[in-house]
Amino acid sequence: MWKQKYPLLGDIMNLDPVIWLNSHLKQVNNLPELPLDKHDIEEAEQLWHRFAPYLAKEFPETKETNGIIESPLKRITAMEEEMERFYSAISGKLYLKCDNELPIAGSIKARGGIYEVLHHAENLAIDAGLISENDNYEVFASDKFKSFFNQYNIGVGSTGNLGLSIGIISAKLGFHVSVYMSADAKQWKKDLLRSKGATVLEFTGDFSEAISAGREQTINDPKGYFVDDEDSKHLYVGYSVAALRLRKQLEDQHIQVDAEHPLFVYLPCGVGGSPGGVTFGLKQVFGDHVHCFFVEPTHSPSVLIGLLTGEMDQVSVQDFHIDNRTEADGLAVGRPSQFATPISDHLVSGIYTIEDEELYKMLVMLADSEEIHLEPSATAGLLGPNKMAQSSYLENNRLNAQNATHIAWATGGDLVPEDDWKQLYEKGEKLMK
Ligand SMILES: *Cc1c(COP(=O)(O)O)cnc(C)c1O
């Protein structure tokens, strides 16, 4: 019955790579009321600035940027040539947004995860009369603050990277932190978390099960706070701040964005929070001139199925006999976010799915051509310009791709240990032959 109504579901259930274009996409002046607006992004940016002195003090890697957590935008011409040689011709210029280099967490989760924990810590400290917004937040690094936070617990369910970001910042602030990990979480991520002082609880099931267990145990504790990746406005707002930063980077590099110079952004997608938050921010900044596409593994197309059927978080990939097994652990999510998905329904231009094999190949190509090391999940957006050339999106929207800027959002990689990364590279090398 589903398949009859939505023919593309047949291909999706066959695990074939697909390109889906969103017929619900709205122009920005035609948007319904959303559960957040531009002020939320600006307030979030202010919170980041209040905490900048604290971050610079506690995390020396952020000293250079005065405690601001941001990543570079890089033009990747050698990779662009490589993609044309290996796949197909593309028009426009290819850039990489290097969130793999984000300090502290080495992934896009540094944006949402650290933001939500800082937001919670600030609330607790203000309520306790320990601080006000005009004070210097360096005091968050003091023993007094650490022992104050030590009476509180933070819980999070994660496939890996969210746990790393929440675990590292929470432990640093003095919180007790428990990370509920799904079966596909990598061993090195668990080891690293334990070394930082987090408690790691392992589950044999998938991400949703880890989240349910964590949610239940954390909220039973009156001093517990659960970071809920399936339904968090704070994570979402934290991610959205990226748009303000990207605007500045584009200006600095003299990259135009307007009707004649469209901006395409390709975002690897798990539960849909990070790509959704970034998209929301970008739409606030660039309006209809930015075109955002999500990318999901063929085995974990949770947001695609939620949007295509209109069922949002009421359906999982397992309901459609899809196994949610992928090497892209950051994207191994069976059920989309309750908060983010209905917003994405209005804002995302489309979604394409990708096979694990391509992720590995692009991991090798990017390392060889640009010496940039990503984790498999993070390479997914690199195929975006090729997918655009194949789809009818440009024609439908009368867009000239010749002047287009394409940004593949590299969502993670810097914390992957050298040995683990070598294994990923070797696997990719074999697939290229
Ligand atoms: C979490 C993650 C994503 C996707 O973010 P969601 O909010 O789950 O959609 C993409 N890439 C990497 C490396 C991640 O860790």
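Let me start with a term: a residue counts as near the ligand if one of its heavy atoms lies within 4 Å of it. Keep in mind that this is a predicted model.

So, who surrounds the ligand? There are 15 residues around the ligand. Those that come nearest are K109, N161, G272, S274 and T411. Sort the shell by class, and you get 8 polar, 5 nonpolar and 2 charged residues.

Now the secondary structure. Which helix gives the most to this shell? Helix α12, with 3 residues. That helix runs over residues 273-286.

On to the polar contacts. Look at the ligand's oxygen atoms. N161 uses its side chain: an N or O atom there is 2.7 Å from a ligand oxygen. G270 works through the backbone, where an N or O atom also lies 2.7 Å from an oxygen of the ligand. At G273, a backbone N or O atom lies 3.2 Å from a ligand oxygen.

How much of the ligand does the protein cover? On its own, the ligand has 380 Å² of accessible area, and the protein covers 98% of that. As for location, the ligand sits in the largest cavity.

Last, the annotation. An unreviewed UniProt entry gives residues 82-397 as "domain: Tryptophan synthase beta chain-like PALP". In the model, that span is 44% helix and 14% strand. Its end C-alpha atoms lie 28 Å apart.

Notes
Residues are numbered from 1 along each chain as its sequence is written. This is a predicted model: local features need pLDDT of at least 70, side-chain atom pairs count only at pLDDT 80 or more; totals for chains, interfaces and linings use all residues. Side-chain values use heavy atoms; hydrogens and water are left out. A polar contact is a pair of N or O atoms within 3.5 Å; within protein, one must be able to donate a hydrogen and the other to accept it, and residues adjacent in sequence count only if both atoms are side-chain atoms. Accessible areas come from the Shrake-Rupley method with a 1.4 Å probe; for residues, only the protein chains shown count as cover. On a 1 Å grid over the protein atoms alone, a cavity is a set of points where a 1.4 Å probe fits but cannot get out, and a pocket is an open set with protein on both sides within 12 Å along at least five of seven lines; lining residues have an atom within 4 Å of a point. A molecule sits in a cavity or pocket if more than half of its atoms lie within 2 Å of its grid points. Helices (H or I, at least four residues) and strands (E, at least two) are DSSP runs, numbered from the N terminus. Ala, Val, Leu, Ile, Met, Phe, Trp, Tyr, Cys and Pro count as nonpolar, Asp, Glu, Lys and Arg as charged, and the others, Gly among them, as polar. UniProt positions are given in the numbering used here, feature names are shortened, and annotations may be inferred rather than shown by experiment.
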